[in-house]
Amino acid sequence: MNKKKLHVKTGDTVKVIAGDERGKSGRIIAVDTDKQKVTIEGLNLVTKHQKPSAQNPQGGIKKVEAPIHASNVMVVDPKTGETTKTARRKNSEGKTERYSKKTGEVI
């Protein structure tokens, strides 16, 4: 599949802008660039049935975070606390950096 760079990465704080979890925010714990999906800590929980095994002899029902499409989340600027679009530019050393389109500061 095409591996496209996303506007978010693991550890970013994001706000969900579409879907059932709209308006909530959390920290990204996993990014799947192939499917362009992100998993956010504590959001989009689904029920998963666990079959009994050696590690978990009881089995049971578990709540697990399901991935959300990357287009449905927006980065929260750590300084201002508002959602912002991000872009890339080269810094003085020629290294690529992400910056906030609202404030122009590096994220």
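Buried means under 20% relative accessible area, exposed means over 50%, and partly exposed lies in between. The exercises below use this scale on a predicted model.

**Exercise 1. Classify both partners of the salt bridge between Arg27 and Glu41, and place them in the chain.**

Step 1. Start with the contact. The closest N and O atoms of Arg27 and Glu41 are 3.3 Å apart. The cut-off for a salt bridge is 4 Å, so the pair qualifies.

Step 2. Place the partners. Arg27 belongs to strand β2 (residues 25-32), while Glu41 sits in the loop between β3 and β4 (45-50). They are 14 residues apart, and the pair links distant parts of the chain.

Step 3. Apply the scale. Arg27 has 38% relative accessibility, so Arg27 is partly exposed. Glu41 has 40%, so Glu41 is partly exposed.

**Exercise 2. Is each residue of the salt bridge between Arg89 and Glu97 buried, partly exposed or exposed?**

Step 1. Check the distance. The side chains of Arg89 and Glu97 meet at 3.0 Å, N to O.

Step 2. Take Arg89. Its relative accessible area is 31%, so Arg89 is partly exposed.

Step 3. Take Glu97. Its relative accessibility is 17%, so Glu97 counts as buried.

**Exercise 3. Find where Glu105 and Lys79 lie, and classify each.**

Step 1. Confirm the bridge. The side chains of Glu105 and Lys79 form a salt bridge at 3.5 Å, N to O.

Step 2. Locate the residues. Glu105 is in the segment after β10 (96-100). Lys79 is in the loop between β7 and β8 (83-84). The two are 26 residues apart.

Step 3. Classify. Glu105, at 37%, is partly exposed. Lys79, at 57%, counts as exposed.

Step 4. Set these pairs in context. The count for the model comes to 6 salt bridges.

**Exercise 4. Which residues make up the largest nonpolar core, and which strands supply at least two of them?**

Step 1. List the members. The core has 12 residues in all: Leu6, Val8, Val14, Val16, Ile28, Val38, Ile40, Leu43, Ile68, Ala70, Val73 and Val75.

Step 2. Map them to strands. β1 (13-16), β3 (37-40) and β7 (73-76) each give at least two residues to this core.

Step 3. Follow one member. Beyond its neighbours within four places in sequence, Val8 is in contact with Val14, Ile28, Val38, Val73, Val75 and Arg98.

Step 4. Add the annotation. The unreviewed UniProt entry records "domain: KOW" over residues 7-34. That span is 0% helix and 43% strand, and its end C-alpha atoms lie 14 Å apart.

**Exercise 5. Describe the interface of domain 1 and domain 2.**

Step 1. Set the bounds. The domain assignment gives domain 1 as 1-76 and domain 2 as 78-106. Their C-alpha centres lie 24 Å apart.

Step 2. Count contacts. On the domain 1 side 10 residues take part, and they touch 9 residues of domain 2.

Step 3. Take the area. The domains bury about 790 Å² between them, with 54% of it on carbon and sulfur atoms. Met74, Val75 and Val76 supply 58% of the area that domain 1 buries against domain 2, more than any other three residues.

Step 4. Look for charge pairs. The interface holds 1 salt bridge. Asp12 falls within 1-76 and Arg98 within 78-106. The side chains of these residues meet in a salt bridge at 3.0 Å, N to O.

Key
Residues numbered from 1 in each chain as written. Predicted model: local features only at pLDDT ≥ 70, side-chain atom pairs only at ≥ 80, totals over all residues. Heavy atoms only, no water. UniProt positions renumbered as here; feature names shortened; annotations may be inferred. Helix = DSSP H or I, 4+ residues; strand = E, 2+ residues; numbered from the N terminus. Core = buried A, V, L, I, M, F, W, Y, C linked by side-chain atoms within 4.5 Å. Buried < 20%, exposed > 50% of the residue type's maximum accessible area, 1.4 Å probe, protein only. Contact = heavy atoms within 4.5 Å. Domains from an automatic or database assignment. Buried area = accessible area lost by both parts, 1.4 Å probe.
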